Amino acid sequence: MRQLSSWVVAAVLSLLALGAMAQQGPGPLPQDPVKAQQERQTRQPGNNSDVWKEVRSGDPRFTTTTVKGRETDVLLQSWGDTWRRIRNGPATFYGGWLLVLVIAAILGLYLWKGPVRLHEPLSGRKLRRFTALEMTVHWTTAISFCLLGISGLIMFFGKYVLLPLIGYTLFAWLTQLSKNLHNFIAPLFIVSVAVMIVIWMRDNVFRSYDWRWFRRAWAFFLRSEHIPSGRFNAGEKAWFWGGVLLLSIIMSSSGLVLLFPNFDQTRWTMQHAWMWHVGAALLYIAAALGHIYMGTIGVERTYGNMRHGYCDETWAKEHHEIWYREVKSGRRSPAGGAIPAGAPHMKERP
């Protein structure tokens, strides 16, 4: 019993001592914070929590800098961590799945139905579809867009997809190459897409007959149904206004903010510009995959139109009947007009 009593007395005294220490508070701050941090590094290497708390506080004693600008004395921006979480979280997850689903849908449609085919044999008579200027502008825009898209995807998804496969050294070289391509090709894309908007804006104005194309688009893809349209059908016009115009403006303007940080943008501005840029770019790439599919293997005899500038009259009549009748009636006079097959410039058939 005597031993038990001594243990009880010791426990009570210990509790009283702890209570007295708690009432006294955590104690005064160290007189020499630098020395205290050095001692902390000895006990807990890498623990700099106190330093970063002081920097985040905004106290001029800890954030004063010699470089002056719009973010003078802002050494640590808390929004940067939020941006990083968005970039590595929902932006990567949903953006990646968007592209995967679009590619899967295109492959599924092609394997299920195949290309949209012509109902009648080729006539052998050619109509001028695109001029040399139009083809040059289109291919300049298309090639620069593809290079921007590929380099951007490498920088955005590369550490998840390529890094485990090719290793750090090759991935670092590839990412650096992608960054330089992205920066230097971007101005070429901006100029070429601006020219494209100017030369094709008139032909992409919506007409009353375009609404029928939207209503029957499913039949066009699933049953190769013939739907009369002008020089560009309603789907191409939607791509023009939504992609070539709207998404290009968003992507180009936000990209310029990121490309020229020396124009005194704040970090907050550049982080939000990045979000607009990547969001528009992912939507642009997804839509472009559909456009590329339709212009190559998705619709029979379509690729040769932009490759050579001419289309067969049968193709024109089945896919762009209103434009075809305007040309044949003389109300519209494209360069070249109707010419027989086998002309010198048609030695390579589309």
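A pocket here is an open set of grid points with protein on both sides within 12 Å along at least five of seven lines, and its lining residues have an atom within 4 Å of a point. Keep that in mind for the first exercise, and remember throughout that this is a predicted model.

**Exercise 1. The second largest pocket**

Find which residues lie nearest the centre of the second largest pocket, and work out which helices supply its lining.

*Solution.*
- Step 1: Begin with the space itself, which comes to about 730 Å³.
- Step 2: Turn to the wall. The lining has 27 residues, and G152, M155, H182, L258 and H277 are the ones nearest the centre.
- Step 3: Assign the lining to helices. At least two residues each come from α5, α6 (132-161), α7 (163-200), α10 (234-259) and α11. Helix α6 gives the largest share, with 7 residues.
- Step 4: Sort the lining by chemistry. It holds 18 nonpolar, 7 polar and 2 charged residues.

**Exercise 2. An aromatic pair between two helices**

Classify the ring pair Y110 and Y293, and say which parts of the chain this pair ties together.

*Solution.*
- Step 1: Recall what to look for. A pair of aromatic rings is described by the distance of the centres and the angle of the planes.
- Step 2: Place the pair in context: the chain's count is 21 aromatic pairs.
- Step 3: Apply the geometry. The centres of Y110 and Y293 are 6.4 Å apart and the planes stand at 90 degrees, so this pair is edge-to-face. The cut-off for that class is over 60 degrees.
- Step 4: Locate both partners. Y110 belongs to helix α5 (residues 79-113) and Y293 to helix α11 (residues 267-298), so the pair joins parts 183 residues apart in sequence.
- Step 5: Check accessibility. Y110 is partly exposed at 33%, whereas Y293 is buried at 8%.

**Exercise 3. A pair within one helix**

Decide whether W211 and F214 are stacked, tilted or edge-to-face, and find how far apart they are along the helix.

*Solution.*
- Step 1: Look at the rings. Their centres are 5.7 Å apart and their planes differ by 35 degrees, which makes the pair tilted.
- Step 2: Look at the backbone. Both residues sit in helix α8 (residues 210-215), and a spacing of 3 residues puts about one helical turn between them.
- Step 3: Compare accessibility with the cut-offs. W211, at 47%, is partly exposed, and F214 is also partly exposed, at 35%.
- Step 4: Widen the view. W211 and F214 belong to a cluster linked by ring pairs, together with F206, W213, F220 and F221.

**Exercise 4. Charges over rings**

Identify the ring under the charged end of K113, and the ring that R129 lies over.

*Solution.*
- Step 1: For K113, the partner is W112, with the charged end 5.4 Å from the ring centre.
- Step 2: For R129, the partner is W323, and the distance to the ring centre is 4.8 Å.

**Exercise 5. Two buried residues**

Describe the surroundings of Q271 and S248.

*Solution.*
- Step 1: Place Q271 in helix α11. Its relative accessible area of 11% makes Q271 buried.
- Step 2: Look across the fold from Q271. W83 is 188 residues away in sequence, but the two C-alpha atoms are 6.6 Å apart.
- Step 3: Place S248 in helix α10, where S248 is buried at 3%.
- Step 4: List what S248 touches beyond four places in sequence: F189, V193, G243 and Y284.
- Step 5: Set this against the whole chain, in which 35% of the 350 residues are buried. Of the contacts with a separation of 6 or more, 75% are between residues 24 or more positions apart.

Methods
Residues numbered from 1 in each chain as written. Predicted model: local features only at pLDDT ≥ 70, side-chain atom pairs only at ≥ 80, totals over all residues. Heavy atoms only, no water. Phe/Tyr/Trp six-rings, centres within 6.5 Å; stacked < 30°, edge-to-face > 60°. Helix = DSSP H or I, 4+ residues; strand = E, 2+ residues; numbered from the N terminus. Buried < 20%, exposed > 50% of the residue type's maximum accessible area, 1.4 Å probe, protein only. Lys NZ or Arg CZ within 6 Å of the ring centre and 35° of its normal. 1 Å grid on protein atoms, 1.4 Å probe; cavity = no way out; pocket = protein on both sides within 12 Å on 5 of 7 lines; lining within 4 Å. Points joined across faces, edges and corners; volume = space filled by probe spheres on them. Nonpolar A, V, L, I, M, F, W, Y, C, P; charged D, E, K, R; others polar. Contact = heavy atoms within 4.5 Å.
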